[in-house]
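Please look over the chain and the strand shown with it before reading on. The paragraphs below move from annotated repeats to a single residue, then to a helix and the surface around the nucleic acid.

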Amino acid sequence: MRKSSKSASTYQALESLSRKNGLMEKSIEYVLCNSLSSCAKIMNWHFGVQIHAYTIRSGYEDNLFLSTTLVDFYAKCFCIVDVRKIFRAMKVHDQVSWTSLIVGFSANKLGKEAFFLFKEMLGTRIMPNYFTLTSVVNACVGENKVVNCCPSLHVHVVKRGFDTSNFVISSLVDCYASCGRIDDAVLLFNETSEKDTVIYNTMISGYCRNLYSEDALKLFVEMRGKNMSPTDHTVSSILSACSRLAVLVEGKQVHSLVIKMGFENVFVDSTMIDMYSKGGDNDEARRVLHQTSWKNTVLLTSMIMGYAQCGRGVEALGFFDYLLTEQKLIPDHVCFSAVLSACSHAGFIWKGKEVAKPRPIVAALKPSGGIAKADTCFHCAVR
DNA sequence: GTAGGGTTAG
């Protein structure tokens, strides 16, 4: 545990608060639990570890509520080693602590491990509830290397009677679709009687993910026919489908809907720019980019791709320069691919060679949203 | 009065 003056003062403040107010033992537990939970939400590791230290010193180490909150806290701060340590040191577990552990591993992108922890849980006397099942199914989204994880979890969902919970079902639809089992996802979606907006969104995104763009559009029409209001999730997926199909007319209709509904979201703007770029309307894509307050690598890569595909290499490279020098973003592999494609289409061989030349990363550059790893990323300045 | 769960971008 690292020490800092700020953390030490937190610890002293806790002791002083406890003494001054003469807090009852039960009240201290509540205070510690709530404080830890707040630290987890804002990912304040420094305050959280001091509360942890105070918990140990005050003899609350074996408190189930506090230990569970600690599991959640360390998971949200991406300290997975501590998550494991806290959980294994607990003398008693319950459904909530097991679920928190599974959620923690899932949030740390350890879906496969979360699945095996669920299997371990089944070997205990504590049975999963629908929170647990939603969490483990959600952890397995995209984990197609875990053989038959979706059907295996589906069996548990049905066996325990949670197949009426939309939370569980939407996760399962997403899990099937993300593992490439689109037919199973559709089957489950069709079997669900009370479909809400999230389940529709999940199925639409599942179709998009598996490149069934027309089916995504059809489902969107069905959703609208049922007077269900689309959300920012819906329009992001639909714009992505329009982009893949290069259907500008339909895309513009969705754009009107976005304005009418007042969506202000980076995903919506990103898919909108991509839709106009792939549809060949670079000027409209530029207008959307100009209006949006988000300027990240994904948005700018779409602009670069759009100009690249119609052979406007100068504009494409101009956006790459803007990304590097003005926005100080880190280009990732998709961005480099777009820039090289622009160089290729425009015949800028020497510039392409310059872009491909690796140079050490500049410390001041902002990360591109966790896509590129800093130690493997290179940048070059195209002037 | 304290802990855990679903859908979106290049």
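Helices, as the word is used here, are DSSP runs of H or I that span at least four residues, while strands are runs of E of at least two. In this predicted model, residues 196-230 are 74% helix and 0% strand, and the C-alpha atoms at the two ends of that span lie 11 Å apart. The UniProt record, an unreviewed entry, places the feature "repeat: PPR" at these residues and also at 94-128. Residues 94-128 are 71% helix and 0% strand, with 9 Å between their end C-alpha atoms.

Within the span 196-230, Met223 offers a useful place to pause. Met223 belongs to helix 13, which covers residues 213-225, and it counts as buried because 20 C-beta neighbours lie inside 10 Å. Beyond its neighbours within four places in sequence, Met223 is in contact with Tyr200, Met228 and Pro230. Thr197 is 26 residues away from Met223 in sequence, yet their C-alpha atoms are 8.3 Å apart.

Helix 8, residues 130-139, is largely enclosed by the rest of the structure, because eight of its ten residues are buried. Among those buried residues are Thr132, Leu133, Val136 and Val137, and what covers the buried set includes helix 6 (95-107), helix 7 (111-122), helix 9 (149-159) and helix 10 (166-178).

Turning to the nucleic acid, DNA strand B is surrounded by 63 residues, of which Thr68, Val96, Val198, Asn201 and Ser270 are the closest. The residues of this surface divide into 33 polar, 21 nonpolar and nine charged.

How values were computed. Residues numbered from 1 in each chain as written. Chains lettered and ligands numbered in written order. Predicted model: local features only at pLDDT ≥ 70, side-chain atom pairs only at ≥ 80, totals over all residues. Buried ≥ 20, exposed ≤ 12 C-beta atoms within 10 Å, placed from the backbone. Contact = placed C-beta atoms within 7 Å. Near = placed C-beta within 6 Å. Nonpolar A, V, L, I, M, F, W, Y, C, P; charged D, E, K, R; others polar. UniProt positions renumbered as here; feature names shortened; annotations may be inferred.
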